[in-house]
Amino acid sequence: MRLMGRTQRFVIDDYRAFALIGFEANETGVIARHFRIFLKPYEQRLDKEIKSHCISITRNLEDGHSFDDIAEDLTKESIVGAVVHYIKSNLVEIIANVQTDKTVKLNTDPYRKIK
């Protein structure tokens, strides 16, 4: 069975990030099964950290956990946590493939507000 995929673009702390979310359609609805984040420009240390987080999140999604369950364990002070919290809040629009006009800007600094 093929997964239905969606790509969401972000700007996070001067990095361009692309989140790939894979969904599986069944008789009860659409369930997230895959999660991956790519960063531009590439930074090896940060990419390894993000990849390991995404692997564990994908395993949790395959085990039946939702983005709501996963977001409870992550803070918004990491790139993966910020993206997961955004996906949790906007999952219906992402599944419907509704693209926003503006680029989604996220920040991992807990003391800085984005205007």
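In this predicted model, strands β2 (residues 15-26) and β3 (residues 29-40) run antiparallel to each other and are paired over 11 bridges. The link from β2 to β3 is a hairpin of 2 residues. Within this pairing, I21 finds its bridge partner in β3 at F35.

F35 is a good place to step from the strands into the interior. The largest nonpolar core comprises 29 residues, and F35 is listed with F10, I37 and V83 as having the most contacts inside it. Strands β1 (4-12), β2, β3 and β4 (104-106) each supply at least two residues of this core, as do helices α1 (44-62), α2 (67-73) and α3 (79-89). Helix α3 provides the largest share, with 7 residues. Beyond its neighbours within four places in sequence, F35 touches A19, L20 and I21, along with C54, I57, T58, L61, F67, V80, V83, V84 and I87.

The next residue to consider is R36, which also lies in strand β3. As a general point, side chains in a regular strand alternate between the two faces of the sheet. R36 is buried, yet no salt bridge accompanies it. The nearest side chain of opposite charge belongs to D47, at 4.4 Å, and a salt bridge is counted only within 4 Å. D47 nevertheless appears among the contacts of R36 outside its neighbours within four places in sequence, together with F18, A19, L20, I50, K51 and C54. What, then, surrounds this buried arginine beyond D47? Its contacts include F18, A19 and L20, and also I50, K51 and C54.

Notes
Residues are numbered from 1 along each chain as its sequence is written. This is a predicted model: local features need pLDDT of at least 70, side-chain atom pairs count only at pLDDT 80 or more; totals for chains, interfaces and linings use all residues. Side-chain values use heavy atoms; hydrogens and water are left out. Two strands pair if DSSP finds at least two bridges between them. Helices (H or I, at least four residues) and strands (E, at least two) are DSSP runs, numbered from the N terminus. Buried means under 20% relative accessible area, exposed over 50%, partly exposed in between (1.4 Å probe, protein chains only). Lys and Arg count as positive and Asp and Glu as negative; His and the chain ends are not counted. Contact means heavy atoms within 4.5 Å. A nonpolar core is a set of buried Ala, Val, Leu, Ile, Met, Phe, Trp, Tyr and Cys residues joined through side-chain atoms within 4.5 Å.
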